[in-house]
Amino acid sequence: MGINMSANELCSVCGEGHVTNHADQIETEYKGKKGLVPMHYKCCDACGSDFASADESRLNKRAVLAFRKSVDGLLSGAEICALRNRFGINQKQAARLFGGGPVAFSKYENDDVAHSESMDKLLRLVLKSEQIFWSLVEQEGMVAELAPKGPKQVSGPRKVFRSTATNVIQVEFGNGFSAPTLIAATHRYQPADELNEDLRWKH
């Protein structure tokens, strides 16, 4: 059991006593699977009432949903947040790329709602392949917004080849990472004679 004092917070039941915050691990069951989830509530030192405020109720709902998502084999809110941060996109950009609505990823990451199985499969595919992520970026017309401003300097051979999109080239780096990169319409590119040399650009 966890107990924390709420500074000078009066009991909403009796109006006289002060309340302490509690968090107990409660066993719950879902689809035949049992697990412990934290349940938050307040307890009055005068009348002995225990109750959950709106904040505690929200935390409890999220804890239960997080447990159910784990049983269903869905990515957790923290894992979805980590995926988004890995590609450097915000929640609104993630919603535009993957769907779900403008505030969907805020709800997914906070365990306010569970995402669908189809959404989970799409996110797992992106986790396995950065190329799929950049294909989605190009498909949704977000290359100018999300593509790196220029090739990263990394060691190893590099290859340069054209994309089907106008004014976009696909740069593949020696570490296996590749990403679409914008160039000006008046520019042409020429691969270096040696793969390990820097790329040479000319108008």
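# A tour from the strands to the helices

Begin by selecting Ala-23, which is partly exposed, with a relative accessible area of 25%. Keep in mind throughout that this is a predicted model. Ala-23 belongs to strand β2, which covers residues 18-30, and if Met-39 is added to the selection, the C-alpha atoms of the two residues turn out to be separated by 5.3 Å although they stand 16 residues apart along the chain.

**The hairpin of β2 and β3**

Next, show β2 together with strand β3, residues 33-44, and follow the antiparallel pairing of the two, which extends over twelve bridges. Within this pairing, Asp-24 has Met-39 as its bridge partner in β3. As you go along either strand, it may help to recall that in a regular strand the side chains alternate between the two faces of the sheet.

Now move to the turn, where two residues lie between β2 and β3 in the hairpin that these strands form. Select Lys-31, which sits in the loop between β2 and β3 and has a phi near 55 degrees, a positive value in a residue other than glycine. Such a value is worth a look, because most residues other than glycine have a negative phi. Is Lys-31 buried or exposed? Its relative accessibility is 61%, and since the cut-off for exposed is over 50%, Lys-31 counts as exposed.

**On to β4**

Continue along β3 to its pairing with strand β4, residues 50-51, which is again antiparallel and comprises two bridges. Select Lys-42 and Phe-51 to see one position of this pairing, with Lys-42 standing opposite Phe-51 in β4. The hairpin of β3 and β4 has five residues between the strands, and there Gly-48 takes a positive phi near 80 degrees.

**Helix α2 and its buried face**

Turn now to the helices and select α2, residues 77-86, in which Gly-77, Ile-80, Leu-83 and Arg-84 are buried. Looking down the axis of α2, you will find that these buried residues fall within an arc of 120 degrees, so they line one face of the helix. To see what they pack against, add helix α1 (54-71) along with α3, α4 and α5. Just after α2, select Gly-88, where phi is positive at about 65 degrees.

**Helix α3 and its surroundings**

The following stop is α3, residues 91-98, whose buried residues are Gln-93, Ala-94, Ala-95, Leu-97 and Phe-98. At the start of this helix, a side-chain oxygen of Asn-90 reaches to within 3.1 Å of the backbone nitrogen of Lys-92, while just after the helix Gly-99 takes a positive phi of about 95 degrees. Which helices do the buried residues of α3 pack against? They pack against α2, α4 (104-109), α5 (117-128), α6 (130-139) and α7 (143-146).

Stay in α3 and select Gln-93, which counts as buried at 12% relative accessibility, the cut-off for buried being under 20%. The side chain of Gln-93 makes a polar contact of 2.7 Å with the side chain of Glu-145. Apart from neighbours within four places in sequence, the residues in contact with Gln-93 are Gly-88, Met-142, Glu-145 and Leu-146, so that Gly-88, already visited for its positive phi just after α2, can be shown again here as one of these contacts.

**Aromatic pairs**

Then display the aromatic rings, among which a search of the whole structure finds four pairs. Phe-87 and Phe-133 form a stacked pair, with 4.0 Å from centre to centre and 15 degrees between the planes. This pair links distant parts of the chain, given that Phe-87 lies in the loop between α2 and α3 and Phe-133 in helix α6, 46 residues apart. Both Phe-87 and Phe-133 are buried. A further pair to select is that of Phe-98 and Phe-105, which is tilted, at 5.9 Å centre to centre with 40 degrees between the planes, and here too Phe-98 and Phe-105 are buried. Adding Trp-134 to Phe-87 and Phe-133 then brings up one aromatic cluster formed by these three residues.

**Last stop: Asp-111**

Finally, select Asp-111 in the loop between α4 and α5. Asp-111 has a positive phi of about 60 degrees although it is not a glycine. Asp-111 is buried, with a relative accessible area of 14%, whereas Lys-31, the earlier stop with a positive phi in a residue other than glycine, counts as exposed.

Conventions
Residues are numbered from 1 along each chain as its sequence is written. This is a predicted model: local features need pLDDT of at least 70, side-chain atom pairs count only at pLDDT 80 or more; totals for chains, interfaces and linings use all residues. Side-chain values use heavy atoms; hydrogens and water are left out. Buried means under 20% relative accessible area, exposed over 50%, partly exposed in between (1.4 Å probe, protein chains only). Helices (H or I, at least four residues) and strands (E, at least two) are DSSP runs, numbered from the N terminus. Contact means heavy atoms within 4.5 Å. A polar contact is a pair of N or O atoms within 3.5 Å; within protein, one must be able to donate a hydrogen and the other to accept it, and residues adjacent in sequence count only if both atoms are side-chain atoms. Two strands pair if DSSP finds at least two bridges between them. Rings of Phe, Tyr and Trp (its six-membered ring) pair if their centres lie within 6.5 Å; planes under 30 degrees apart count as stacked, over 60 as edge-to-face and the rest as tilted. The arc is that of the directions from the helix axis to the C-beta atoms.
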